[in-house]
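Me: I have a structure open in front of me and would like to learn how to read its charged pairs, one helix and the confidence values. Could you take me through them?

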Amino acid sequence: MQQFELIAPCHFGLESVLKDEIYDLGYEISAVEDGRVTFTGDAEAIVRANIGLRSAERVLLKVGSFHAETYDELFEKTKALPWEAFLPREAKFWVTKAASVKSRLFSPSDIQSIMKKAMVGRMSEHYHLVRFPENGAEYPVRVFLKKDEVTAAIDTTGESLHKRGYRKAAVKAPIAENLAAGLLMLTPWKPGRILVDPFCGSGTFLIEAAMISAGIAPGMNRSFTAQSWTNLIPEKLWEEIRQEARSDSFSGPPGQRALPSQEVRIYHHQPALRRAADIRNQRRRKISGRGASFRTAGRSASSRKNADRAHRALSYAGRALPGARFLVDVSDHFLCGRGAGARLFRRQKPQDLQRNDQNLFLYVSGAQAAKTPAAGPVAPVPAGTAGRGSKRGMRIEITDYICDRKSE
């Protein structure tokens, strides 16, 4: 089969997770860059990557790369790429996105227009057509410019891979599914261990964790742009690999029953789960800290009052689950602003944080706190003690972090 060079963009900080996923699929990686992993594979690799990758944003088919500092260079070198090897004569093609970083050519609209003209010129010479019908399959092109190096690729995915197909209604301030899955794979949590998400919102972390435990392929129930590329990928290949993914689902360790996605949805909306959402109501006899990963939220903590609340929530969790690791979702102003959050974390904040980070995820652990009763809810922490790292509170120690900055 013909070999292709494929590019999988991801959130900054998740490159190692995505690299491991690609290796697990059995493909060779040729380059790892910020927010992007490049690997080689055939038509089957395009299908398996789209259906099976959890942390990627999309899968791109690389056409070529070159150096360009002027628009004349951009036109001539784009025209020199072998577009006819990927696009049939009836193809509908356009440059859907152009991103430029530290390059002399920086206008996305101009880059898109010039590259489209160059592609039409190349296709006209090959197919001997003046005008193209463009009534066939869609071939959206994405272009990246970094330090004057241009990379042109065709998008095989369509809608971003974070759209798994199970979320039918939009919710307020959701986290992207691929980011949630990547963060889970970075934490100590593994299938079979307890995962507690008291601030679950729409349940993205829990659903992604259940899908990982059950072996449910994230792209099994959605469509992709490349499904109509019969000139490159046999149509039956998509159904064969989907069927293979369905047969691999729910195959957990002996004696363990996997959790189908339907049960995840039903369980998430049970009133009992809603009643247990307050972190202060967690009981030590029900949850073992050594086997649990805990997620808590500190976003919208720009004010002193909200920052204190977020830190007290960590104190409650630290006392209820000594030894557990926590994944804290905060915003950049929680660490870098002028409120109480800045004072709480001032000495430990990572030096390379940027003020324009959309989200910031911290991995923190709490020192062993004073002993609490074996059963019963944790007693409230007096106001003003949590932030000072007292024995009654939780001593915060940042062990790792990841910034949610999307790739180009």
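What follows is a conversation about reading this predicted model.

Me: Let's begin with confidence. What is the mean pLDDT of the protein chain?

Reply: Where pLDDT is low, the predicted coordinates should not be read in detail. Here the chain averages 74, with 60% of its residues at 70 or more. Over residues 251-302 the value is below 50, and that stretch has 115 contacts in the model beyond near neighbours in sequence. Residues 331-360 also stay under 50, with 65 contacts beyond four places in sequence.

Me: Thanks, I'll keep those stretches in mind. Now to charges: how many salt bridges does a search of the whole structure find?

Reply: The general idea is that side chains of opposite charge can pair when their charged atoms come close. In this model the search gives 14 salt bridges. A good one to start with is K77 with E73, whose closest N and O atoms are 3.5 Å apart. Both belong to helix α3, residues 71-79, and because they sit 4 residues apart there, about one helical turn separates them. K77 is partly exposed at 30% relative accessibility, and E73 is partly exposed too, at 26%.

Me: That one stays inside a helix. Which helices hold K79 and E125?

Reply: K79 and E125 form a salt bridge with 3.1 Å between the closest N and O atoms. K79 lies in α3 and E125 in α4 (residues 108-127), so this pair ties together parts 46 residues apart in sequence. K79 counts as partly exposed, at 23% relative accessibility, while E125 counts as exposed, at 51%.

Me: And what about loops? Where do R104 and D148 lie?

Reply: Their side chains meet in a salt bridge, 2.6 Å from N to O. R104 is in the loop between β5 (92-101) and α4, and D148 is in the loop between β6 (138-146) and β7 (149-155); the pair links distant parts of the chain, 44 residues apart. The two partners contrast in accessibility: R104 is exposed at 52%, whereas D148 is buried at 7%.

Me: So far we have looked at pairs. Which residues are linked with R48 in a network of salt bridges?

Reply: E44 and E244 are the residues linked with R48 in that network.

Me: Now a charged residue without such a partner. Which side chain of opposite charge is nearest to E21?

Reply: It is R54, at 4.9 Å; E21 is buried yet has no salt bridge. A salt bridge needs the nitrogen within 4 Å of the carboxyl oxygen. E21 sits in helix α1, residues 15-25, and its side chain makes a polar contact with the side chain of S55 at 2.5 Å. Setting aside neighbours within four places in sequence, E21 touches G52, L53, R54, S55 and M185.

Me: Let's finish with α4. What span should its 20 residues have?

Reply: At 1.5 Å a residue, the expected span is 28 Å, and the end C-alpha atoms are 28 Å apart, which agrees. Its buried residues include I111, I114, M115, A118 and Y127. Among the elements covering the buried residues of α4 are α3, β5, β6 and β7.

Me: What happens just after α4?

Reply: There, H128 takes a positive phi of about 55°.

Methods:
Residues are numbered from 1 along each chain as its sequence is written. This is a predicted model: local features need pLDDT of at least 70, side-chain atom pairs count only at pLDDT 80 or more; totals for chains, interfaces and linings use all residues. Side-chain values use heavy atoms; hydrogens and water are left out. Helices (H or I, at least four residues) and strands (E, at least two) are DSSP runs, numbered from the N terminus. Buried means under 20% relative accessible area, exposed over 50%, partly exposed in between (1.4 Å probe, protein chains only). pLDDT is the predictor's confidence in each residue, from 0 to 100. Contact means heavy atoms within 4.5 Å. Lys and Arg count as positive and Asp and Glu as negative; His and the chain ends are not counted. A polar contact is a pair of N or O atoms within 3.5 Å; within protein, one must be able to donate a hydrogen and the other to accept it, and residues adjacent in sequence count only if both atoms are side-chain atoms. The expected span of a helix is 1.5 Å times one less than its number of residues.
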